Amino acid sequence: MIEDFSIVFGVPKYRTSKPKKVTRKFSFTRLLQPIDNLVTCPTCSNIHPSDTICDSCYAKIHELTSEIKRKMMEYNPYVGEKQDKEVYVKFKGEQETPADVVKGKRVLEMEKERPTWFKKLTLKE
Ligand SMILES: [Zn+2]
């Protein structure tokens, strides 16, 4: 059976013991490495790693989107997260949107004012 294989792979001669693996994984040289990819968030000046979203900004976005989602579910609870119509979110203190922007979408009214990062849907896009 082994004669059929033309390539023989390198295999370790001795088994690596568990303590040796654990020591390698959690050694002090690994744990005490400095984090050098920290950046400052331009909006809230919170420090976070460069490959992740800022925690406090994400919390704000999550709070608003979950509120929108909750309102959507209130309107149509049996469909679940997949609603039958698209939703246009209208915030407090906004003017009535033109009908060609809304285009048969369900208008969801919020009690809050529109945050600066939540873009308004316009015809230009
Ligand atoms: Zn931030």
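Read from the N terminus, the protein runs α-α-β-β-α-β-α-β. That makes four helices and four strands, where helices are DSSP runs of H or I with at least four residues, strands are runs of E with at least two, and both are numbered from the N terminus.

Before selecting anything, note that this is a predicted model, in which local features need pLDDT of at least 70 and side-chain atom pairs count only at pLDDT 80 or more, while totals for chains, interfaces and linings use all residues. Residue numbers start from 1 along each chain as its sequence is written.

Colour the whole chain by pLDDT, the predictor's confidence in each residue, from 0 to 100. The mean for the protein is 82, and 86% of its residues reach 70 or more. Select strand 1 (residues 38-40), where confidence is highest at a mean of 94, then helix 4 (residues 99-102), where it is lowest at 74. Where pLDDT is low, the predicted coordinates should not be read in detail.

Now show all 125 residues: 2% of them are buried, that is, with 20 or more other C-beta atoms within 10 Å of their own, against 12 or fewer for exposed and in between for partly exposed, C-beta atoms being placed from the backbone. Of the contacts (C-beta atoms within 7 Å) between residues at least 6 apart in sequence, 8% join residues at least 24 apart.

Next, select serine 50, in the loop between strand 2 (47-49) and helix 3 (55-75). Serine 50 counts as exposed because it has 8 C-beta neighbours inside 10 Å. Beyond its neighbours within four places in sequence, serine 50 contacts Asn37 and Val39.

Finally, add aspartate 36, which lies 14 residues from serine 50 in sequence and 9.3 Å away, C-alpha to C-alpha.

Terms used:
Two residues are in contact if their C-beta atoms, placed from the backbone, lie within 7 Å.
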